[in-house]
Amino acid sequence: MAYLICRGGWPGSLSLTSKAALRQAINYVEAVANRDISRVDGVVHLRNGSFGLIEIKLGGDSLIETGANTLKQLADKIDTTKMRPPSFLMVLTGVGQYAYRRKDGVYVVPIGCLKD
């Protein structure tokens, strides 16, 4: 019974060996997880119901760009008829002296700017 549940109902897998059929199901789940499920490193919730999304990166232009793209993709997936859009998107970096706002509206904030 467990095998039948894990194998799934794909007609193409009926002629495969049990190992190959399970591999097909695993590959499908991994593809969905890698392509469709976004994640962020943090969500700040405020008492008024607003929230912000935070992605943490060590620093460097390419990592900051990756973090900003992840945040924007997730923000685009939010159904704003059911909940508010994020109040801000922020890439928190490990290095840097100054916080700034990018042209796309994403804040880049070095961790050192959060002290005091």
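A residue is called buried here when its relative accessible area is under 20%, exposed when it is over 50%, and partly exposed in between, with a 1.4 Å probe and with protein chains only taken into account. By that definition threonine 93, with a relative accessible area of 4%, is buried. The structure is a predicted model, in which local features need pLDDT of at least 70 and side-chain atom pairs count only at pLDDT 80 or more, whereas totals for chains, interfaces and linings use all residues. Residues are numbered from 1 along each chain as its sequence is written, and side-chain values use heavy atoms, with hydrogens and water left out.

The overall layout comes before the details. The protein chain contains three helices and five strands, where helices (H or I, at least four residues) and strands (E, at least two) are DSSP runs numbered from the N terminus. Read from the N terminus on, the elements follow the order α-α-β-β-α-β-β-β. Of the 116 residues in the protein chain, 30% are buried. The chain exposes about 8,400 Å², of which carbon and sulfur atoms supply 58%; accessible areas come from the Shrake-Rupley method with a 1.4 Å probe, and for residues only the protein chains shown count as cover. Among the contacts (heavy atoms within 4.5 Å) with a separation of 6 or more, 38% are accounted for by residues 24 or more positions apart.

The interior can be followed through the largest nonpolar core, which has 13 residues, with Val40, Leu53, Leu71, Leu89, Val91 and Val106 making the most contacts inside it. A nonpolar core is a set of buried Ala, Val, Leu, Ile, Met, Phe, Trp, Tyr and Cys residues joined through side-chain atoms within 4.5 Å. Strand 2 (51-57), helix 3 and strand 3 each supply at least two residues of this core, and helix 3 gives the most, with five residues. Leucine 53 shows how varied the surroundings of one core residue can be: when residues up to four places away in sequence are not counted, leucine 53 touches Val40, Gly42, Val43, Leu71, Leu74, Ala75, Pro86, Phe88, Leu89 and Met90.

One of those partners, glycine 42, belongs to strand 1 (residues 42-45). Glycine 42 counts as buried because its relative accessibility is 18%. With residues up to four places away in sequence again set aside, glycine 42 touches Gly52, Leu53 and Ile54. Glycine 42 and isoleucine 56 are 14 residues apart in sequence, and their C-alpha atoms are 8.0 Å apart in space.

Threonine 93, with which this account began, is in strand 3 (residues 88-93). The side chain of threonine 93 reaches the backbone oxygen of valine 95 at 2.9 Å. Apart from its neighbours within four places in sequence, threonine 93 is in contact with Lys57, Leu58, Gly59, Ile64, Val108, Val109, Pro110 and Ile111.

The charged side chains form another part of the picture. The whole structure holds four salt bridges, a salt bridge being a side-chain nitrogen of Lys or Arg within 4 Å of a carboxyl oxygen of Asp or Glu. In one of them, the side chains of glutamate 65 and arginine 102 meet with an N to O distance of 3.0 Å. This pair links distant parts of the chain, since glutamate 65 is in helix 3 (residues 61-77) and arginine 102 is in the loop between strand 4 (100-101) and strand 5 (107-110), 37 residues apart. Glutamate 65 counts as partly exposed because its relative accessibility is 34%, whereas arginine 102 counts as buried because its relative accessibility is 16%. Beyond residues up to four places away in sequence, arginine 102 touches Ile64, Glu65, Ala68, Lys72 and Val108.

Lysine 72 forms a salt bridge with aspartate 104, the closest N and O atoms being 2.8 Å apart. Because lysine 72 lies in helix 3 and aspartate 104 in the loop between strand 4 and strand 5, the pair ties together parts that are 32 residues apart in sequence. Both partners are partly exposed, lysine 72 at 25% relative accessibility and aspartate 104 at 33%. Aspartate 104 also forms a salt bridge with arginine 102, where the closest N and O atoms are 2.6 Å apart. Through shared partners, these salt bridges join Glu65, Lys72, Arg102 and Asp104 into one network.

Methods
A polar contact is a pair of N or O atoms within 3.5 Å; within protein, one must be able to donate a hydrogen and the other to accept it, and residues adjacent in sequence count only if both atoms are side-chain atoms.
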